[in-house]
Amino acid sequence: MTNPGVFTISLDFELYWGTRDHRSLDDYGANILGGREAIPRILALFEEFEVHATWAVVGSLCFQGPSELAENLPPVLPRYTDRRLEPFDALSHLTERERAYYFAPELVELVHRTPHQEIGSHTFSHYYCLERGQTAEMFRSDLEAMRKTTQQKLRTEPKSLVFPRNQFTSRYLELCASSGIQAYRGNQHSWVYEPRNGDDESLARRAVRLVDSYVNLTGHHGHELPSLAAGSPIDVRASRFLRPYSRRLRFLEPLRLARIRADLRHAARKGLLYHLWWHPDNFGTRTDENLAFLRRVLECYRTLASERGMKSLNMSEAADHARARGRAGSDRHAA
């Protein structure tokens with residue numbers, strides 16, 4: 001008998017920490033502020049459809065402002081060959097008006113209080129694991145600062161991690177495990193989704209990823225959950241980025257929805273995991289259109305849950321589910 005499929009959602013909750021090196025506030029600030037307004041509405045949809053989701057939070061946004069953050073910085077700060085990537089140099093120049101672009105402790109608390117929502121790690125500083133100049137010791141220090149922050153602010157520790165910019169490297173998994181991480185979001189199996197640093201990214205790869213959002217170029221990306229040895233983080237691999245509504249491409253919206261629905265149905269039929277992800281600021285403009293699209297996706301999930309037993313699990317729950325299946329398989333084999 002086929003195992004029921006699993007539907008996982010994760011959101012990269014980063015505010016301006018995630019775009020400050022390549023987008024100006026004049027250019028992208030409306031998305032950040034609009035994303036803040038969208039978060040309670042996303043949570044309301046999740047409650048309505050009983051969706052379990054992981055919110056991968058940048059630790060720095062958990063503080064009230066730059067002064068409190070400065071008192072809680074990692075002892076070993078991240079340093080990159082490209083100095084534009086270094087996160088804390090501009091702290092002393094932040095104005096009160098700019099606080100909302102960097103800090104949102106009240107929204108993190110709201111997510112934490114909402115049923116079935118997991119506070120995961122997007123690292124403390126939006127750390128780039130593949131950029132030149134950074135080291136394992138810097139990453140270790142960043143992870144520990146993240147764990148300390150969630151302990152103090154939320155009385156919890158992150159069990160799931162999303163690598164910023166999807167810059168995944170297996171070299172750092174042992175460090176993740178030692179910091180309490182039990183699940184991480186790996187990248188899709190395709191050359192267009194392989195992890196790269198900023199210098200190695202190409203317009204061709206981006207173009208293929210755009211087209212793949214509307215037309216099936218690379219497959220459905222449903223995944224078997226691996227069952228690894230105890231103590232090793234489980235790869236709750238990504239399936240699809242929920243690309244935001246585009247007025248310019250609005251005539252392609254039926255294709256975008258059909259693409260995701262077909263992916264979900266394939267995962268439910270084959271007993272696979274389907275992992276959808278995006279950023280709250282992707283809903284920061286055209287919020288009504290984006291939420292209406294998300295509702296249609298969740299309606300498809302609810303139908304599959306009713307008809308095929310598909311489950312909604314956040315990342316740490318999906319990892320627990322994989323380990324339980326692995327233990328059950330081992331027990332059957334031993335018997």
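Let me begin with a term: a residue is called buried when its relative accessible area is under 20%. With that cut-off in mind, and remembering that what we have here is a predicted model, consider Thr169, which sits in the loop between strand 4 and helix 6 (173-178). Its relative accessibility is 8%, so Thr169 counts as buried. If we set aside the neighbours within four places in sequence, the residues in contact with Thr169 are Cys129 and Leu130.

Since a cysteine has come up, let me turn to the cysteines for a moment. How many disulfides does a search of the whole structure find? The search returns zero. Two other cysteines can be placed by their accessibility: Cys62 is buried, at 5%, and Cys300 is buried as well, with a relative accessible area of 8%.

Now to the helices, starting with helix 5, which runs over residues 136-154. Helix 5 has 19 residues, and the distance from its first C-alpha to its last is 27 Å, close to the 27 Å expected at 1.5 Å a residue. Its buried residues are Met138, Phe139, Ser141, Asp142, Leu143, Ala145, Met146, Thr149, Thr150 and Leu154. The elements that cover these buried residues include strand 2 (53-57), helix 4 (105-113), strand 3 (117-121), strand 4 and helix 6. Just after helix 5 comes Arg155, and this residue takes a positive phi of about 55°.

Helix 4, which we have just met as part of that cover, also has a partner in helix 1 (residues 25-48), and the axes of these two helices come within 11 Å and cross at roughly 10°. Because angles under 35 degrees count as roughly parallel, helix 1 and helix 4 are described as roughly parallel to each other. On the helix 1 side the residues that meet helix 4 are Arg36, Ile39, Pro40 and Leu43, and on the helix 4 side they are Glu106, Leu107, Leu110 and Val111.

Let me close with the charged pairs. Side chains of opposite charge can pair when their charged atoms come close. In this model the count comes to 20 salt bridges, and I will go through three examples.

The pair of Arg147 and Glu157 forms a salt bridge in which the closest N and O atoms are 3.8 Å apart. Arg147 lies in helix 5, whereas Glu157 lies in the loop between helix 5 and strand 4 (160-161), so the pair ties together parts that are 10 residues apart in sequence. Glu157 has a relative accessible area of 34%, and is therefore partly exposed.

Next, the side chains of Asp263 and Arg240 meet in a salt bridge, at 2.9 Å from N to O. Here Asp263 belongs to helix 8 (residues 253-270) and Arg240 to strand 7 (residues 240-241), which means that the bridge joins parts 23 residues apart in sequence. Are these two residues buried or exposed? Both Asp263 and Arg240 are buried.

The remaining example pairs Asp89 with Arg79, whose side chains meet in a salt bridge at 3.8 Å, again taken from N to O. Both residues are in the loop between helix 2 (66-70) and helix 3 (99-102), 10 residues apart. Asp89 is partly exposed at 41% relative accessibility, and Arg79 is partly exposed too, with a relative accessible area of 36%. These two also belong to a wider arrangement, in which salt bridges that share partners join Arg79, Arg83, Glu86 and Asp89 into one network.

Terms used
Residues numbered from 1 in each chain as written. Predicted model: local features only at pLDDT ≥ 70, side-chain atom pairs only at ≥ 80, totals over all residues. Heavy atoms only, no water. Salt bridge = Lys/Arg side-chain N within 4 Å of Asp/Glu carboxyl O. Helix = DSSP H or I, 4+ residues; strand = E, 2+ residues; numbered from the N terminus. Buried < 20%, exposed > 50% of the residue type's maximum accessible area, 1.4 Å probe, protein only. Contact = heavy atoms within 4.5 Å. Disulfide = S-S within 2.5 Å. Expected span 1.5 Å × (residues − 1). Axes fitted to C-alpha atoms, helices over the stretch in contact; angles between N-to-C directions. Parallel < 35°, antiparallel > 145°, perpendicular 65-115°, else oblique.
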